[in-house]
Structure formats: structure tokens, C-alpha cells
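Here is a short briefing on a ligand site and a small sheet. Keep the structure open while reading.

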Amino acid sequence: MAKILTVVGATGIQGGSVVAAALKDKIYKVRGITRNVNSDAAKALKAKGVEVVAADVNDVDSIVKAFEGSTAIYALTNFFEPFLTADAEEAIKVEELQGTNLAKAALKTMSLEHYVWSTLPDTKRITDGEIEVPHFAAKSRVNTFIKKHEELAKKTTLFFVASYASNILSPVFKPIEVPAANLNIQLHPVGPSTPHTLLGSPTNIGLFVLAVLHQPSLTLSPSTPAVLAATEILSYAKYLELWGKVAGKRTAYVQTTLGDTEKVWGKWASEIGAMSLFWEKAGSRAWEASGGERTIGRVELGLRVKGEEGANVDAEEGMLVGTEEVWRGMEW
Ligand SMILES: NC(=O)c1ccc[n+]([C@@H]2O[C@H](COP(=O)([O-])OP(=O)(O)OC[C@H]3O[C@@H](n4cnc5c(N)ncnc54)[C@H](OP(=O)(O)O)[C@@H]3O)[C@@H](O)[C@H]2O)c1
């Protein structure tokens, strides 16, 4: 019988990347979950041979049914959907319920061998209670829920996803043009040397997930409880400098206060600012798993970035794409 890989969020960025990589890999029969099987995105998946099923992560019974018979599951929640219309506290509640529903449904999936949970680290633990980042908070509470359920924990890889290259177009990161100064600036409440861990192209997510699924002895071992999907780490200043080089613009990094950024972007500044402050405070501990253990990355998984030293320049297939290359493919 064919092994089934079920992908939550199959119509979105992360899930879509996992579906694309799995269809190429051909090891799994791919099942995609969506709330609307009649959307254009769902129809496009069907046309590629994906079994598209309807389920809502707010409704645990629908997820149990959609997971039935799965060998592997890629599961995620989308904090930013409730955050669009609610405050951060309410969005955390919604996301925690959704993530817990997914874990409960995974616990009921008898055929399940590998659960890949798209999540983020516990910022409060890492900063000794100082910084809670709302879009990390519910995800890390779900990590704790999973760890409490040994049956699921032993089948789970905590899958940390770093910053998409496309975030440069989002509020707070999009450089602000100041024509009078012939400059493009970014305003952040942290110092320019703050580390920013980057995913590169979202298409990398699928490559990471397939590498995780193919190496269970590495990714399900109790001593390596988390995987980080990332291509590179740049400082905040270098990130803007790199964008300036690619876009052909003069740039300036401006450090200011969280309060000042909130005057510009409101709750988006609070959200992204909390993340930036966490990264500044956490430094090299930013991607620690919940017990403080080591998190494994692309090198341990055997993944290479196109163009990096030692990479085979002719081997496009299966290579990760870094942030600079994504930006070079965009219009500025
Ligand atoms: N931006 C970054 O750099 C970054 C980095 C790390 C982590 N993240 C996290 O990534 C998550 C967002 O993932 P994404 O970028 O893939 O989002 P996306 O492209 O907006 O896609 C969201 C997906 O979730 C599905 N979905 C949403 N609510 C659902 C529900 N109630 N039931 C079933 N499916 C539902 C949607 O499916 P349908 O609409 O078809 O139902 C869609 O496929 C966020 O939680 C964010 O914190 C982002």
C-alpha cells in the first residue's frame, strides 16, 4: 500500500512547498488539506495528482478524518490569520487550540510514523521569562503538549522555520524610501548586529521536510528533538545592506525604540519588534529546543545552498536557494 503524506496548509506557502517537493520525490502519495476544496489553489493541487480533502483545524473531528491512514503528516497553524482581525492575545488562544487539535488528531492516527510539526522556539524559557513573542507563544505551548504525550513525542520532529525571503515586502521589514535623502531605511528597536536567521526561498521548506522524513534515525532521535530550516544568518544591518546591493539602492539602518516603530505600524510593530528583541537577547540560543538541546540544521541533514563554497554549480535539483538569489528574481 502506498505511504500517505498528509499536508496541512497545502494551499499555502509552507504546505505548498512540502507538496511540491513530495510530488517530485514520488515516495509518498500526497494528501492536501484545505477548508475549501473548490478554491483555485485546491483545484490546481488536484490537477497535479494531490488527493485534496476538506478539514478545518478548528474542528478536531474533521482533522481526525483527514489524517486517517497517513504515514507522515506535515502540520502547521497560521497565527497571522486570526491576528488580522484580533489582538495578539486572542490570536495566541486560537492558534494554541488549532495546534492542540492537530496534535490530538495525530495521536488518533494509528498508521502515523512521523509527525513534522511546524513550530518555533519557547522565547520565554530562553529569555528567563523576559520576552514572549506572540506568534511563537502558541506554537511552543503545543510543543509542550506534544512532549507530554510520549506516544506522539517519539514520532515528532519539531520543525523550526526561519524568516522567508519574501518578508522583505512585509510591514516593518519593507525598506522605506526617503527620496529627499536618496535613501531606503529600515527602523528597528534593536542594534544592527542582531542576528537574523533566514530561510531563503520558501521552496526550501519542502526540501527540508523530505530530508527530515528520509532520515528518521537522525530526526526522531530523542537527542535531536528539533530541526531548523534555514540557509543563512545575517545581522540586521547586513540584511538591509544585501537588499540595497541587490535592488541597487542606498540604505541606512536606523535603530529606534519599540514605541516609535509602533507609532508607524501599530500592532505589527509590536509583533515583529518582540521577535527582534528576542533575537537580540537570545543571540546564539535563539533556536534552542525546549530542553535546551542542540537543534540540527541543513548541514547535518545533508542539504547544500546553491552557490555556496563546495556546492555543485550544475546541480540545481534538490539545492536550497538562499535569500540573495530570491531577491535577485524580484522587481525593485
Ligand atoms: N513569514 C515567516 O518568515 C515565517 C517563519 C516561520 C514561521 N511562520 C509561520 O508560518 C505560518 C503561516 O504559514 P504559511 O506562510 O504557509 O501561510 P499561508 O501561505 O498564508 O497559508 C496558510 C495555510 O493554512 C491553511 N489554513 C489556515 N487556517 C486554516 C484552518 N482553520 N483549517 C485548515 N487550514 C487552514 C490555509 O488553507 P485554506 O485557506 O486553503 O483552507 C493555507 O493553506 C504562521 O503561523 C507563521 O507564524 C512564518
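**Polar contacts to the ligand**

- In this predicted model, an N or O atom in the side chain of Asn78 is 3.4 Å from an oxygen atom of the ligand.
- Lys139 also uses its side chain: a polar atom there lies 2.8 Å from a ligand oxygen atom.
- Ile13 contributes through its backbone, with an N or O atom 2.8 Å from an oxygen atom of the ligand.

**Burial and pocket**

- The ligand taken alone exposes 930 Å², and the protein buries 83% of that.
- The largest pocket holds the ligand.

**The shell around the ligand**

- Five elements are listed as giving two or more residues to the shell: helix 1 (13-25), helix 4 (80-85), helix 5 (88-107), helix 7 (134-148) and strand 7 (163-164).
- There are 27 residues around the ligand. Those that come nearest are Thr11, Thr34, Thr77, Tyr164 and Asn167.
- By class, the shell divides into ten nonpolar, twelve polar and five charged residues.

**The sheet that includes strand 7**

- Three strands form an open sheet in the order 7-10-12. The pairing is mixed.
- Strand 7 and strand 12 (232-235) each have a single partner strand, so one side of each has no neighbour in the sheet.
- Strand 7 pairs with strand 10 (residues 195-200) in the parallel sense, over two bridges.
- Which residue of strand 10 stands opposite Tyr164? It is Gly200.
- Tyr164 is thus a link between topics: it is among the residues that come nearest to the ligand, and it stands opposite Gly200 in strand 10.

Methods: Residues are numbered from 1 along each chain as its sequence is written. This is a predicted model: local features need pLDDT of at least 70, side-chain atom pairs count only at pLDDT 80 or more; totals for chains, interfaces and linings use all residues. Side-chain values use heavy atoms; hydrogens and water are left out. A residue is near a molecule or strand if one of its heavy atoms lies within 4 Å of it. A polar contact is a pair of N or O atoms within 3.5 Å; within protein, one must be able to donate a hydrogen and the other to accept it, and residues adjacent in sequence count only if both atoms are side-chain atoms. Accessible areas come from the Shrake-Rupley method with a 1.4 Å probe; for residues, only the protein chains shown count as cover. On a 1 Å grid over the protein atoms alone, a cavity is a set of points where a 1.4 Å probe fits but cannot get out, and a pocket is an open set with protein on both sides within 12 Å along at least five of seven lines; lining residues have an atom within 4 Å of a point. A molecule sits in a cavity or pocket if more than half of its atoms lie within 2 Å of its grid points. Helices (H or I, at least four residues) and strands (E, at least two) are DSSP runs, numbered from the N terminus. Ala, Val, Leu, Ile, Met, Phe, Trp, Tyr, Cys and Pro count as nonpolar, Asp, Glu, Lys and Arg as charged, and the others, Gly among them, as polar. Two strands pair if DSSP finds at least two bridges between them.
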